[in-house]
Amino acid sequence: VYCCHSRPDKIDPSTFRTWIRALSTARSEYFARHSDERDLASSGSGAPILWLLRSGKEMEQNLRQLVRKEFGERMEDALLFADVSERNEHLRRLGCADVFLYNAHTLGCDALYLGLPMISLLRDSSGDTSTSASDNQANSICDDQSTIATDKLASRVGASLLRAAEVDDLVYPNMSDYEDAMVKCAINTKWFESIRKRLRLSVPVSPLFDTERWVRNLEASFVQMKSMNCDQTNAFPDIIVTDP
């Protein structure tokens, strides 16, 4: 179960098409492996799905229409939508997914704390703007940006969370590798289970969920801020806190 319960307006067209391509590949692999189980394969029961947050009927209709038009009617069955829920229910059902997609702040923390692996994109900071095959394929379908930039804070948070949770091998430098990773999660069970086990073991000890350390470092940064001599003519310096 691929999952993204972020607000649907945060999902850009290129990324959504990448998700559907990876989902289509994973489902094809599933049906090929279960070709001898005709009833199971024909019904699609157990095949990979994409679980999204619903934001009105029009949003759901538009996404379903896009998938039907560009990927075929059979792929529409792979879309599942959930209504907004209160927090306890949100956490309960989030734990039913297998992979969380996209960069995220609070939702990313929720997913990782539940032991739910998250796949994230972080392009090379060297400024390389080369376009991957996956990017080109997405852009041939729609008039979109040639690359999906990750130079803003919101685009970097997912990778930062994964590194703090000590599973930074789920951070990918381009959309082609990102798409391949989605498929790998579904078809390479041994590798995927090793990722999940490592994430579950890291939660109690990783910096990401060390609240006492976070509070201690935040207070240390406040002490630094108090001692700074900044006025309108001086730029505010970066605040760097290191563990004692």
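Modeller: Let's start with one idea: two strands count as paired when DSSP finds at least two bridges between them. Here's a case from this predicted model: I119 in β5 is the bridge partner of L101.

Biologist: Okay, so which strands do L101 and I119 help to join, and over how many bridges?

Modeller: Strand β4, residues 99-101, pairs with strand β5, residues 118-121. The pairing is parallel and runs over 2 bridges. Besides L101 and I119, you can look for F100, which stands opposite M118 in β5.

Biologist: How many helices and strands should I look for in the chain?

Modeller: The protein chain has 11 helices and 6 strands. It is 244 residues long, and 42% of them count as buried.

Biologist: And in what order do the strands sit in the sheet?

Modeller: Read across the open sheet of 6 strands and you get β3-β2-β1-β4-β5-β6, with parallel pairing. β3 and β6 (171-172) are the edge strands, since each pairs on one side only. Helix α1, residues 13-33, packs on this sheet and touches β1, β2, β3 and β4. Its direction makes about 150° with that of β2.

Biologist: Which strands pair with β2?

Modeller: On one side, β1 (residues 2-4) pairs with β2 in the parallel sense over 3 bridges. There, Y2 stands opposite L50. β2 also pairs with β3 (residues 79-82), again parallel, over 4 bridges. In that pair, L52 stands opposite F81.

Biologist: Side chains point to two sides of a strand. Are those of β2 buried or exposed?

Modeller: Buried is the word for a residue under 20% relative accessible area. In β2, residues 50-53, both faces are covered. L50 and L52 are buried on one side, and W51 and L53 are buried on the other. β5 has a similar story to tell: M118 and S120 point one way, I119 and L121 point the other way, and all are buried.

Biologist: What tends to happen to nonpolar side chains in general?

Modeller: In soluble globular proteins, they tend to be buried together. In this chain the largest nonpolar core has 56 residues, and W19 and L50 touch the most other members. Leave out sequence neighbours within four places, and W19 is still in contact with C4, I11, L50, L52, L101, Y102, Y178 and M182.

Biologist: Why does M118 count as buried?

Modeller: M118, in strand β5, is buried because its relative accessible area is 0%. Not counting residues up to four places away in sequence, M118 touches F100, Y102, A104, G108, L112, G158, L161, L162 and L170. You can also try a spacing check with A159: it is 41 residues from M118 along the chain, yet their C-alpha atoms are separated by 9.2 Å.

Biologist: How many of the contacts in the chain join residues at least 24 apart?

Modeller: If you take contacts between residues at least 6 apart in sequence, 70% join residues at least 24 apart.

Biologist: Now for helix α6. Why does C109 count as partly exposed, and why does D110 count as buried?

Modeller: Both can be settled with the cut-offs: under 20% is buried, over 50% is exposed, and partly exposed is in between. C109 is found in helix α6 and counts as partly exposed because its relative accessibility is 26%. D110 has its place in helix α6, residues 106-113, and it counts as buried because its relative accessibility is 9%. Setting aside residues up to four places away in sequence, C109 touches L161, L208 and F209, while D110 touches R87, H90, L91 and L94.

Biologist: What sign does phi have in most residues other than glycine?

Modeller: In most of them it is negative. E166 gives you a positive value, with phi near 65°. You'll find E166 in the loop between α8 (153-164) and β6. E166 counts as partly exposed because its relative accessibility is 41%.

Biologist: Last one: which residues lie nearest the centre of the second largest pocket?

Modeller: P48, D98, C185, A186 and I187 do, out of 19 lining residues. The elements giving two or more residues to that lining are α1, α9 (175-187) and α10 (189-202). The volume of the second largest pocket is about 310 Å³.

Key: Residues are numbered from 1 along each chain as its sequence is written. This is a predicted model: local features need pLDDT of at least 70, side-chain atom pairs count only at pLDDT 80 or more; totals for chains, interfaces and linings use all residues. Side-chain values use heavy atoms; hydrogens and water are left out. A nonpolar core is a set of buried Ala, Val, Leu, Ile, Met, Phe, Trp, Tyr and Cys residues joined through side-chain atoms within 4.5 Å. Buried means under 20% relative accessible area, exposed over 50%, partly exposed in between (1.4 Å probe, protein chains only). Contact means heavy atoms within 4.5 Å. Axes are lines fitted to C-alpha atoms, for helices over the stretch in contact, and angles run from 0 to 180 degrees between N-to-C directions. On a 1 Å grid over the protein atoms alone, a cavity is a set of points where a 1.4 Å probe fits but cannot get out, and a pocket is an open set with protein on both sides within 12 Å along at least five of seven lines; lining residues have an atom within 4 Å of a point. Grid points are joined across faces, edges and corners, and a volume is the space filled by probe spheres set on the points.
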